[in-house]
Amino acid sequence: MRHSRTPRKSLPAAVVGLALAAALGGVVPTASAASAPAGNAASYAAYERSQENQAANKAFFEAVQRSVAEQRAANPGALVVTVTYNTRNAPSFRSQIARSTQIWNGSVSNVRLQEVSSGGNFAYYEGNDSRGSYASTDGHGRGYIFLDYRQNQQYNSTRVTAHETGHVLGLPDHYSGPCSELMSGGGPGTSCTNAYPNGAERARVNQLWANGFAASGLGTKG
């Protein structure tokens, strides 16, 4: 599990893992790419400490900051922001996506996920990619999520989906975290089935969507 950070055209692009432009009909913005972890605890930990990951996280948070300011300016009086998504290109994972939505909507109060039949702020896709599942997002509700078949057979599929959705809501990877931390992703191994954000992750999302990046308490450490 990993995340690509591909903001809108007006935001700086910082991508971890290549997106499948051809498979997604050319919707992928131009972005630079960095190598992703190989998929075991040692490689996750090494990547997390790398300058490459630190730089990608810094660019990701800068993109989040700009996007938060943009959305707050457009909706200054909104108490709860509704973020819409569609699953038409990920039919095999509709039950996992629905469960992930329930988990996030039950965990945070300042943003709500809502499915639509087409369009929406972000979309889910499915397919094969040797590098696994990822989110391509500005970290504040826009982008898309790609769900890899093989990884979702190895790892708990609802955890994978909820983890990638966490990126769309503004959370970075933290591979060295415990299983109880949703954004630790594949770090704890395939035996980890937790699909719920912990208290700190819930608070980060609520603070980000309510008060903007400056008040969120988020730093550049993954």
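**A sheet, its cores and a disulfide**

Guide: Let's start with strands β6 (residues 134–137) and β7 (residues 143–148): they run antiparallel and are joined by four bridges. Bear in mind that this is a predicted model.

Visitor: What makes β6 and β7 count as a pair?

Guide: At least two bridges are needed, and β6 and β7 have four, so they count as a pair. Tyr-134 has Phe-146 as its bridge partner in β7, and Ser-136 stands opposite Tyr-144 in β7.

Visitor: Which way do the residues of β6 point, and are they buried or exposed?

Guide: Tyr-134 and Ser-136 point one way, Ala-135 and Thr-137 the other. All are buried, which means each has under 20% relative accessible area.

Visitor: And what makes β3 and β4 a pair?

Guide: Again, two bridges would do. Strand β3 (residues 81–89) and strand β4 (residues 111–115) have five, so they qualify, and in the parallel sense. One of the partnerships is Tyr-85 with Glu-115 in β4. To get from β3 to β4, the chain passes through helix α3 (residues 94–107), and this β-α-β crossover is right-handed.

Visitor: Where do these strands sit in the sheet?

Guide: The order is β4-β3-β5-β7-β6, in an open sheet of five strands with mixed pairing.

Visitor: Why are β4 and β6 called edges?

Guide: Each has a single partner strand, so one side of each is left without a neighbour in the sheet. On average, neighbouring strands here are turned by 25° against each other, direction ignored.

Visitor: How do you know that Cys-179 and Cys-192 form a disulfide?

Guide: The cut-off is 2.5 Å between the sulfur atoms. Theirs are 2.0 Å apart, so the pair is a disulfide. The structure holds one.

Visitor: Why is the disulfide of Cys-179 and Cys-192 given a hand, and which one?

Guide: The torsion about the S-S bond is about 90°, so it's right-handed. Both cysteines lie in the loop between α5 (157–168) and α6 (199–211), so the pair ties together parts that are 13 residues apart in sequence.

Visitor: Are Cys-179 and Cys-192 buried or exposed?

Guide: They part ways here. Buried means under 20% relative accessible area and exposed means over 50%. At 28%, Cys-179 falls in between, so it counts as partly exposed. Cys-192, at 3%, is under the cut-off, so it is buried.

Visitor: What about the nonpolar core; which residues have the most contacts inside the largest one?

Guide: Trp-104, Phe-122, Tyr-124 and Val-205, in a core of 25 residues. At least two residues of this core come from each of β3, α3, β4, β5 (122–127), β7, α5 and α6. Apart from it lies another core of five residues, among them Ala-123, Tyr-125, Tyr-134 and Phe-146.

Visitor: What does Val-205 touch?

Guide: Leaving out residues up to four places away in sequence, Val-205 touches Trp-104, Val-108, Val-111, Leu-169 and Leu-171. Each is called a contact because heavy atoms come within 4.5 Å.

Visitor: And the chain as a whole: how many helices and strands are there?

Guide: Six helices and seven strands. From the N terminus on, the elements run β-β-α-α-β-α-β-β-β-β-α-α-α. Of the 222 residues, 53% count as buried. Among contacts between residues at least 6 apart in sequence, 64% join residues at least 24 apart.

Notes:
Residues are numbered from 1 along each chain as its sequence is written. This is a predicted model: local features need pLDDT of at least 70, side-chain atom pairs count only at pLDDT 80 or more; totals for chains, interfaces and linings use all residues. Side-chain values use heavy atoms; hydrogens and water are left out. Buried means under 20% relative accessible area, exposed over 50%, partly exposed in between (1.4 Å probe, protein chains only). A crossover is right-handed if, with the strands pointing away from the viewer, the path from the first strand over the helix to the second runs clockwise. A nonpolar core is a set of buried Ala, Val, Leu, Ile, Met, Phe, Trp, Tyr and Cys residues joined through side-chain atoms within 4.5 Å. Axes are lines fitted to C-alpha atoms, for helices over the stretch in contact, and angles run from 0 to 180 degrees between N-to-C directions.
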